[in-house]
Amino acid sequence: MSAEGFADLEFIGWPDVASARLSCLLNEDPNLDKAAQDLVTQLSEPPEVMSGCKELTRRTGSFDPNSTC
Amino acid sequence: MQGTHQAHRLLRSEFDLLASARAAPGPVRALKRSRVSRALLLLRYILDGSPDLRPATRLLSEAHDINPAAVNALLISPWLSLWAAVCARDLTQRRHRLAANAVALAAAARCGMRGRAMVLEPYDGRIMIPTVGLLARGGPGRVTAEDLDGPWWWPVRSLTCVHSGRRIAIPLDDVDPYRGFHGAPVQSRLTAVQFDAVSGSFREAWRLLVEQCPRRAAELAGGLMSITPLLSGDDGEIRSATSPEAFGGLATTMPVDGVEFAMVMVREFQHSKLSALCALAPLWRSKPVCALVHRIYALTAVAALWRDLKTAEPAEVGMGERATREFAFVRAQLRRALEGLAQGDPGLTAAGRRLMSRIDQTMKSLARVSVPAAIEAQARERLATASLAAS
């Protein structure tokens, strides 16, 4: 992909509420309800472990999908 | 009242720096901001769906009004993030839900709110106050921040050091019940002697990183938020793990020296960064591709670190040969891994292809590093032997 073909990323559906006060966020807001519900739906079940590698020497060259180190 | 909130954005330049697998202290701040939003949304979901958490809701809101930065830092701490994910997934689980009361007390403690009590129920006779410590006494009751002291109080200790004016402080969490996410047995509370030994390796790791890879040191100081010890196996191998739900957290058997500790931190934080990036912008469409990209992304940073140690000035005692050998080996692993994933792989999204093109550029710079032919041959032999053992 060319650099020109790749714009800044805008992550729709994940509102930037990092500067908001919790007390404000707890007010009724269907948009936030939906965003939170979507987030919960996306949570992995059960929590996924993305590595868990043994020492590199033991995993060398093995493309075991369970090994990500 | 309804608010309108912009979507999270990542500049192309930030994405490219993250994608290159190089140290990226600036973009890591952007990733952390996205984790704050995520944490607040999950907390909103949990509090909103749990009428029995009204006292916690009040205390958390007050604390957040007093010091939002302190509470946000609490909410994105790795094992608390993991709790939020576990809890939000099933709000009927009383044990997980009621842990929100302890989160509220932790927030009050962080904000210096004295005398504010929460009714906390122990689990297995213990009450965890996330990121603060463990109250190892049974029985439900009112607990204030002032009660977090005495012989039954096990505070979370921090690995803290300063080298050349660069400071790092990472909590070593050996008490939080949510730290055992990975299935591998966690180490129970470290003795003072064990903690001192870990601190020594950590100080050495920090010295190496600050002197030889200052940008990587800056990235870790800003992004790594918790280390949890794993039990060592009989084989003496290093094991380490991260979870996409626990950005900035890693679990590891205790490294034997500073070099090993530095490698573990760099490697595992790569996984954390990539998981956080992928949560914002899907990079792949299948688990095997996900695993392979994670492997490549982590190995690229590890190879770069060995390269930096190999050329360290002034020369580290005994480091040159070890670093050259390990660099050649990791680079050979990386080449092999890259053969398994072409840039045009249909398992990659457009953003994933962009990521691989950036990694490829970093790999080209690693490929130019010269290594004596004999060491290169040893690396290939070691790779073949390890492949055979793994098959």
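**Exercise 1.** In this predicted model, determine over which ring the charged end of R382(B) sits.

*Solution.* The charged end of R382(B) lies over the ring of F329(B), at 3.8 Å from the ring centre. The criterion requires CZ of Arg within 6 Å of the ring centre and within 35 degrees of the ring normal. A second such arrangement involves R95(B), whose charged end is placed over the ring of Y123(B), 3.6 Å from its centre.

**Exercise 2.** Establish how many aromatic pairs a search of the whole structure finds, and classify the pair formed by F202(B) and F261(B).

*Solution.* Over all chains, the search yields two aromatic pairs. In the pair of F202(B) and F261(B), the centres are 5.6 Å apart and the planes make an angle of 70°. Planes over 60 degrees apart count as edge-to-face, so this pair is edge-to-face. F202(B) belongs to helix α7 (residues 192-212) and F261(B) to helix α9 (residues 258-280), so the pair links distant parts of chain B, 59 residues apart.
Burial is the next step. The cut-off for buried is under 20% relative accessible area. F202(B) is buried because its relative accessibility is 1%, and F261(B) is buried because its value is 0%.

**Exercise 3.** Classify the pair formed by F247(B) and F269(B), and locate both residues.

*Solution.* The centres lie 5.8 Å apart, with 55° between the planes, and the pair is tilted. F247(B) is in the loop between β10 (240-241) and β11 (249-252) of chain B, whereas F269(B) is in helix α9. This pair also links distant parts of the chain, its members being 22 residues apart. Both F247(B) and F269(B) are buried.

Notes
Residues are numbered from 1 along each chain as its sequence is written. Chains are lettered from A and ligands numbered from 1 in the order in which they are written. This is a predicted model: local features need pLDDT of at least 70, side-chain atom pairs count only at pLDDT 80 or more; totals for chains, interfaces and linings use all residues. Side-chain values use heavy atoms; hydrogens and water are left out. Rings of Phe, Tyr and Trp (its six-membered ring) pair if their centres lie within 6.5 Å; planes under 30 degrees apart count as stacked, over 60 as edge-to-face and the rest as tilted. Helices (H or I, at least four residues) and strands (E, at least two) are DSSP runs, numbered from the N terminus. Buried means under 20% relative accessible area, exposed over 50%, partly exposed in between (1.4 Å probe, protein chains only).
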